[in-house]
Amino acid sequence: MNHQHLHIPERRQGLKTICLGLLGGMVLSTLAIGAETPVSRGTALYASACASCHGANPALGQLNILKGRKDGALILKVIKENKGGMGYLSGSIQAAQAADIAAYLGGF
């Protein structure tokens, strides 16, 4: 009798456990990635599109940045009207992105 065959069900169970663990980790990672909020997206957008002129810390209120607090429509209007030279953002900041930036600014 070959004793290796006696351990195959145990090996399969171990592989099932490992595979399920990996699959569960991938699902949780996907859920965590999908859990972005308007504030987290706005934080990233502010850093990439706004901070070079308005400063890294919006709490300082440089160049009237806090007027857009919780008002994505105002941010979009200022961009579209090229106030303060912000028109260059019109190709990259749309209503959804402006709302996210406003959500981020709402914390200041």
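In this predicted model, the buried residues of helix α4 are A98, D100, I101, A102, Y104 and L105. The cover over these buried residues includes helices α2 and α3. A good place to begin is D100, a residue found in helix α4. The relative accessibility of D100 is 10%, so D100 counts as buried, the cut-off being under 20%. Apart from neighbours within four places in sequence, the residues in contact with D100 are P38, R41, G42 and L45.

The same four residues reappear when the packing of α2 on α4 is laid out in full. From α2, the residues taking part are P38, V39, R41, G42, T43, L45, Y46 and C50. Their partners in α4 are Q97, D100, I101, A103, Y104 and L105. Sorted by class, this contact holds nine nonpolar, three polar and two charged residues.

How are two packed helices described? The angle between their axes and the distance between the axes are used. For α2 and α4, the axes come within 7 Å and cross at roughly 100 degrees. The pair is therefore roughly perpendicular, a label given to angles from 65 to 115 degrees.

Helix α3 gives α4 a second partner. Helix α3 spans residues 72-80 and α4 spans residues 95-105; the two pack at an angle of about 120 degrees, with axes 7 Å apart. Because this angle lies outside the 65 to 115 degrees of the perpendicular class and is not over 145, α3 is oblique to α4. The crossing of these two helices is right-handed.

Which residues of α3 and α4 meet? On the α3 side they are G72, I75 and L76, and on the α4 side they are A95, A98, A99, I101, A102 and L105. By class, eight of the residues in this contact are nonpolar, one is polar and none is charged. Two residues of α4, I101 and L105, are listed in the contact with α3 and also in the contact with α2.

Turning to α3 itself, its buried residues are G72, I75, L76, V78 and I79. Why can these be placed on the same side of the helix? Around the axis they cover an arc of only 160 degrees, so they share one side of α3. A general feature of helices helps in picturing this: an α-helix has 3.6 residues a turn, so residues three or four places apart point the same way. Helix α4 is part of what covers the buried residues of α3. On the other side of α3, A73 and K80 are exposed.

The backbone on either side of α3 also deserves a look. Following α3 comes N82, which has a positive phi near 55 degrees. In the loop between α2, residues 38-54, and α3 lies L63. Although L63 is not a glycine, its phi is positive, at about 55 degrees. Is L63 buried or exposed? With a relative accessible area of 60%, L63 is exposed, since the cut-off is over 50%.

N64 also has its place in the loop between α2 and α3. Its phi is positive too, at about 60 degrees, although N64 is not a glycine. The relative accessible area of N64 is 51%, so this residue counts as exposed as well.

Key:
Residues numbered from 1 in each chain as written. Predicted model: local features only at pLDDT ≥ 70, side-chain atom pairs only at ≥ 80, totals over all residues. Heavy atoms only, no water. Axes fitted to C-alpha atoms, helices over the stretch in contact; angles between N-to-C directions. Parallel < 35°, antiparallel > 145°, perpendicular 65-115°, else oblique. Left-handed = near helix turned anticlockwise from the far one by under 90°. Contact = heavy atoms within 4.5 Å. Nonpolar A, V, L, I, M, F, W, Y, C, P; charged D, E, K, R; others polar. Buried < 20%, exposed > 50% of the residue type's maximum accessible area, 1.4 Å probe, protein only. Arc of directions from axis to C-beta.
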